[in-house]
Amino acid sequence: MVVNKNLKTAADGDTKIALPRRSAWQALTRHHETLRTRQLRDLFAGDAGRAERFQLEAAGLFLDYSKHRMTDETMTLLFDLARQSGVEARRDAMFAGERINLTENRSVLHVALRAAPTDTYMVDGQNVVPEVHQVLKRMATLANSIRLGQWRGYTGEPIRNVINIGIGGSDLGPVMAYEALRHYSRRDMTFRFVSNIDGTDFTEAVHGLVPAQTLFIVSSKTFTTLETMTNAHSARDWLLRSAKDPAHTARHFVAVSTNAGAVREFGIDPANMFGFWDWVGGRYSMDSAIGLSTMLAVGPDNFARLLAGFRAMDQHFRTAPLEKNMPVIMGLLAVWYNNFFGSQTVAVLPYDQYLKRFPAYLQQLTMESNGKSITLDGTPVDYQTGPIFWGEPGTNGQHSFYQLLHQGTKLVPCDFIGFSRSLNPLGNHHDLLMANIFAQAEALAFGKTAAEVKAEGTPDWLVPHRTFAGNRPSNVILAEVLTPEVLGALVALYEHSVFTQGAIFSIDSFDQWGVELGKVLAKRIGSELSAATDSGLTHDVSTNALIRRYRRARA
């Protein structure tokens with residue numbers, strides 16, 4: 001496979017130069033030695049304009065990145081690294097529809113999913129935007145018919161319950177978006193999500209629901225995904241225990257897939273099948289037909305607002321210079337801590353209950369994208385790639401893991417996300433919530449010295465326990481209020497930050513071969529678990545023993 005020539009050009013000659021040998025990387029290594037013991041207290045004390053200089057607004061989001069262990073020189077060197085790593089060229093190649101997913105020989109054009117009707121995104125000489133909007137129009141027609149009560153179940157009753165069946169990107173995006181936009185959703189309808197092959201997940205999802213009022217969305221591009229199709233068949237069995245006639249399946253199932261034959265065989269009318277394309281990765285698909293459940297919940301107009309937010313951040317990422325580019329800056333700072341300070345995780349801390357599933361969504365987006373150890377040219381890396389993402393909504397996390405953030409031995413960069421206005425104003429709740437964001441970011445950055453603790457009258461023996469070292473970095477991301485547009489911009493911000501990091505690491509952020517081996521082995525072991533004899537087991541001795549033990553217990 002030929003690597004796109006655009007991806008080889010960089011300021012120091014060639015991105016094929018191993019990352020640690022790029023001149024900007026080496027300069028950052030030297031610079032880190034001079035900066036690693038500097039305190040944020042001192043950086044702020046010596047730079048009155050720091051807070052104003054290290055902030056940025058784009059697509060309805062405000063980013064304060066002043067509380068980082070960096071200086072103007074740090075940022076200059078990081079921007080040099082981005083240019084030497086071909087970030088701009090790779091970004092332009094993505095927007096041009098070039099096949100930057102090298103291992104699968106595919107374009108990477110999730111940005112086309114939220115394009116305006118007049119935009120142009122080319123794949124193999126064809127503008128894909130009209131087809132994208134054709135699918136969106138069909139989705140809107142279905143959504144309106146269900147929301148208006150025109151779509152009827154087998155008894156003639158309207159649909160009141162929608163269950164999305166998917167896994168990975170076909171679940172994490174829709175469930176995150178539903179929870180994030182629940183304020184805008186139909187409250188007289190029930191929306192649930194099934195992903196785990198554990199039967200408990202399906203059983204609890206349908207508990208208390210009336211089959212005649214329930215619609216299932218089966219989301220699987222190939223219509224062969226083991227977990228999804230196992231749950232889909234259980235859903236059909238659950239329906240038919242009441243409906244009896246298999247022909248009724250068509251009134252209670254729609255599909256997000258490209259396999260018309262398998263969809264028809266299952267009992268779904270292919271007219272109610274919504275496709276997407278091989279240039280859309282699963283973890284980048286929540287704004288495609290995979291978002292059908294989101295559109296059903298919030299309506300086509302709010303879904304269009306969500307796409308508009310994505311599009312605004314896309315345009316910012318595509319056109320803003322690196323020095324004023326929000327996703328690029330966040331990506332570069334992530335590299336700074338991951339690769340120079342040795343930080344292995346990032347905590348994402350949304351101070352809005354509606355974003356409770358946002359950290360889980362980012363886990364797939366970031367870790368499936370950049371959890372790679374092989375470069376684009378097939379050689380092993382000798383540096384850290386994607387960090388581990390985790391988090392919980394505030395203020396719950398403050399009474400859980402913030403102790404480690406403040407006084408533990410690990411350096412954990414944090415992303416705080418908050419809003420100036422609450423969608424549910426209640427007394428002084430929101431002021432107290434936001435006070436906690438600002439307080440936590442301040443405490444992490446500046447800590448509390450032993451002298452300050454002693455001045456409060458603390459006994460000498462207790463002073464070390466109540467001292468906070470500070471010097472813990474964070475971003476603070478603010479928006480006015482959580483709208484569909486803001487959610488779209490927020491997701492796109494992290495998408496493009498991940499892209500920036502992957503370009504610097506010289507890895508393919510758009511394949512996911514690491515999930516395949518376990519799936520293949522599970523399919524093989526699945527048939528072995530129900531075998532009548534112990535013969536035929538050819539795994540390692542530990543796995544063979546576990547299978548035999550399970551067989552005995554199952555029997």
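These are my notebook entries on a predicted model, covering two sets of strands, one histidine and the cavities.

**Entry 1: the open sheet**

I began with the strand order. I found an open sheet of five strands, paired in parallel and ordered E6-E5-E7-E8-E9. Which strands stand at the edges? They are E6 (190-194) and E9 (273-274); each has a single partner strand, so one side of each is left without a neighbour in the sheet.

Next I looked at how E6 is held by its partner. E5, residues 161-165, runs parallel to E6 and is joined to it by five bridges. I noted one pair of opposite residues here: Ile165 faces Val194 of E6.

Then I turned to the helices on this sheet. H8 (residues 199-206) packs on it and touches E5, E6 and E7, with a direction about 170 degrees from that of E6. H7 (residues 169-180) lies across E5, E6 and E7 (214-219) as well, and I have its angle to E6 down as about 150 degrees.

**Entry 2: a hairpin and its further partner**

I moved on to E1 (residues 55-58) and E2 (residues 61-64), which pair antiparallel through four bridges. Ala58 has Leu61 of E2 as its bridge partner. Two residues sit between the strands of this hairpin, and I checked the backbone there: Ala59 has a positive phi near 50 degrees.

What else does E2 pair with? I traced three bridges from E2 to E13 (residues 474-479), again in the antiparallel sense. Within this pairing, Phe62 is opposite Leu478 of E13.

**Entry 3: His430**

I picked out His430, which belongs to helix H16 (residues 429-446). Is His430 buried or exposed? Its relative accessibility is 14%, and the cut-off for buried is under 20%, so I count His430 as buried.

I then asked what surrounds this side chain. A polar atom of the His430 side chain lies 2.6 Å from the backbone oxygen of Phe419. Setting aside neighbours within four places in sequence, I listed Phe419, Ser420, Arg421 and Ser422 as the contacts of His430.

**Entry 4: cavities**

How many cavities of 30 Å³ or more are there? I counted three, and the largest has a volume of about 190 Å³. Its lining has 20 residues, of which Met330, Ala334, Val346, Asp415 and Asn475 are the closest to the centre.

I also sorted the lining of the largest cavity by element. Helices H13 (326-341) and H18 (484-505) and strands E10 (345-350) and E12 (414-419) each give two or more residues. H13 gives the most, with five residues.

Conventions:
Residues numbered from 1 in each chain as written. Predicted model: local features only at pLDDT ≥ 70, side-chain atom pairs only at ≥ 80, totals over all residues. Heavy atoms only, no water. Pairing = 2+ DSSP bridges. Contact = heavy atoms within 4.5 Å. Axes fitted to C-alpha atoms, helices over the stretch in contact; angles between N-to-C directions. Buried < 20%, exposed > 50% of the residue type's maximum accessible area, 1.4 Å probe, protein only. Polar contact = N/O pair within 3.5 Å; in protein donor to acceptor, adjacent residues only side chain to side chain. 1 Å grid on protein atoms, 1.4 Å probe; cavity = no way out; pocket = protein on both sides within 12 Å on 5 of 7 lines; lining within 4 Å. Points joined across faces, edges and corners; volume = space filled by probe spheres on them.
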